[in-house]
Amino acid sequence: MEKYENMNKEALQAELERLQQEYHSFQQKGLKLDMSRGKPCPEQLDLSAEMLRMVDNYIGETGVDARNYGQLEGMPEARRFFGELLGANADQVIVCGNSSLSMMYYLIDLGWRAGFVDSIRPWRFFNSIKFLCPVPGYDRHFRVTEYFGFQLISIPMDDNGPDMDMVEKLVREDETIKGIWCVPVYSNPEGTVYSNETVRRLAAMETAAPDFRIMWDQAYAVHHLTDELCSVPNILEECKAAGHEDRPLLFCSTSKITYPGAGVAALAASSRNIKHILKNLSSMIISYDKMNQLRHVQFLKNKEGIMEHMKKHRTILEPKFNMVKDTFARELGPCGIAHWSDPKGGYFISLYVPDGCAKRVVELCSQCGVVLTGAGAAYPYGIDPQDRHLRIAPTFPSLDELETASLLLCLCVKLATVEKLLHTQR
Ligand code: PLP
């Protein structure tokens, strides 16, 4: 097949007609498929069924009755369990409720409302406050800081993580920049793994704000899709060694290990941070769901247990990711109109289409019954300046559905591109 960029107007017109016919036959199928949100599929949820059948006593290893109030910091065995996962001592961990995102929200709220241990004043007393947002990134991260009135500053990502020259320069000069969102392992949506150098520079950089925070979201740290099992240096240790012990706030949850919405989340930070957070948290809540914490520890046991469990997820997910990538390579590769990420883990694939075409692709797919994440979702304020990025979530649909949806997606990318080329040639 000839590359689209080499086609003259007549060839493009003929291609447009051919694609439109194909599109109409898709429309007739009455599809109803969703490649928008990164949800586990039912088979993945079934992997944790045994956890719900576990009938055991709810008295923890130190005699704490998980059925009752108390122990806001979490069950001791759960703190140890998440400490191993996050690379922190058990006493630097708070085990929370079902959502790590809600804890991220809570900690941004804490900085905004009351400030942190090293704040000169709470963030709400600054005339303008800013937050760094590596792009493309997780829309809900951006939304939290937007909600609190931060100005969102996009930081381009490359294969090593955020552009550190830009980050270092900005934070050195501006005390109103209060933090950065990071998903260091298998970022959402690129699947990028931060390089060792990026992690060390984040830990060591000088910041004008004394209370600068790295929001270190380990959402996909154990969600491997290859044998490589990528990881990054321990940010708590790196920051401590650089004299910035209070800088990082680490988060994770079992949302995509056991059950989204019914899993367990945890955070880790310096001892000073943990003390400050617990003191403030106690105005809001008496204790989290410790029964669920115990169930999770009994079921998954430790990091080794998690890795074994995650292999089962990989068996389900790897063929789905391969299906999407193979379809892209076959259908889009020869036209020379797109490129995409090849993640070694996580939940997403980034697809880059020609500038100005992403919104149109989403529209075309939706008119054929396939829901994609809105174009621009991975950028602050939902605006992709080049309108070219699409976040593809291959986990939820079945393999058959995914094959159909990927084929339609490729068709829509071609259609949108040819429309654009014909329009600009006019
Ligand atoms: N962090 C990232 C990067 C995510 O992609 C998601 C869910 O998609 C979450 C956090 C949500 O985590 P939780 O279910 O623990 O709130």
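W340 of strand 10 has L351 as its bridge partner in strand 11. In this predicted model, strand 10 and strand 11 (residues 349-352) run antiparallel and are joined by 2 bridges. The two strands belong to an open sheet of 3 strands, ordered 10-11-13, in which the pairing is antiparallel. Strand 10 (339-340) and strand 13 (389-392) each have a single partner strand, so one side of each is left without a neighbour in the sheet. The points below turn to the sheet of 8 strands, the helices, the surroundings of the ligand and the backbone.

**The sheet of 8 strands**

- The 8 strands form an open sheet with mixed pairing, and their order is 2-9-8-7-6-3-4-5.
- At the edges of this sheet are strand 2 (93-95) and strand 5 (161-162), each of which pairs on one side only.
- Strand 8 (residues 248-253) pairs with strand 9 (residues 265-268) in the antiparallel sense, over 4 bridges.
- Within this pairing, F251 has L267 of strand 9 as its bridge partner.

**Helices on the sheet**

- Helix 5 lies across five named elements of the sheet: strand 3 (130-135), strand 6 (177-182), strand 7 (213-217), strand 8 and strand 9.
- The direction of helix 5 is at about 155° to strand 8.
- Helix 10 also packs on the sheet, where it touches strand 2, strand 7, strand 8 and strand 9.
- The direction of helix 10 makes about 30° with that of strand 2.

**Packing of helix 5 with helix 10**

- Helix 5 (residues 100-113) packs against helix 10 (residues 271-281) at an angle of about 95°, and their axes are 11 Å apart.
- Because of this angle, helix 5 is roughly perpendicular to helix 10.
- Helix 5 contributes M103, Y106, L107 and L110 to the contact, while helix 10 contributes H276, I277, N280 and L281.
- By class, the residues of this contact are 6 nonpolar and 2 polar, with no charged residues.

**Packing of helix 7 with helix 8**

- Helix 7 (residues 164-173) and helix 8 pack with their axes 11 Å apart, at an angle of about 0°.
- The two helices, helix 7 and helix 8, are therefore roughly parallel to each other.
- On the side of helix 7 the contact is made by M164, D165, V167 and E168, and on the side of helix 8 by T198, R201 and L202.
- The contact of helix 7 with helix 8 comprises 3 nonpolar, 1 polar and 3 charged residues.

**Surroundings of the ligand**

- The residues around the ligand are S99, S100, L101, Y138, V183, N188, D217, A219, Y220, S253, S255 and K256.
- S99 has a polar side-chain atom 2.8 Å from an oxygen atom of the ligand.
- The side chain of S253 has an N or O atom 2.7 Å from an oxygen atom of the ligand.
- For K256, an N or O atom of the side chain is likewise 2.7 Å from an oxygen atom of the ligand.

**Backbone features in loops**

- The peptide bond from V135 to P136 is cis, and its omega is near -5°.
- P136 is located in the loop between strand 3 and helix 6 (139-147).
- N188, which is among the residues around the ligand, is joined to P189 by a cis peptide bond with omega of about 10°.
- P189 lies in the loop between strand 6 and helix 8 (196-204).
- Q71 is not a glycine, yet its phi is positive, at about 60°.
- The loop that holds Q71 is between helix 3 (49-53) and helix 4 (76-86).

Methods
Residues are numbered from 1 along each chain as its sequence is written. This is a predicted model: local features need pLDDT of at least 70, side-chain atom pairs count only at pLDDT 80 or more; totals for chains, interfaces and linings use all residues. Side-chain values use heavy atoms; hydrogens and water are left out. Axes are lines fitted to C-alpha atoms, for helices over the stretch in contact, and angles run from 0 to 180 degrees between N-to-C directions. Angles under 35 degrees count as roughly parallel, over 145 as roughly antiparallel, 65 to 115 as roughly perpendicular and the rest as oblique. Contact means heavy atoms within 4.5 Å. Ala, Val, Leu, Ile, Met, Phe, Trp, Tyr, Cys and Pro count as nonpolar, Asp, Glu, Lys and Arg as charged, and the others, Gly among them, as polar. Two strands pair if DSSP finds at least two bridges between them. A residue is near a molecule or strand if one of its heavy atoms lies within 4 Å of it. A polar contact is a pair of N or O atoms within 3.5 Å; within protein, one must be able to donate a hydrogen and the other to accept it, and residues adjacent in sequence count only if both atoms are side-chain atoms.
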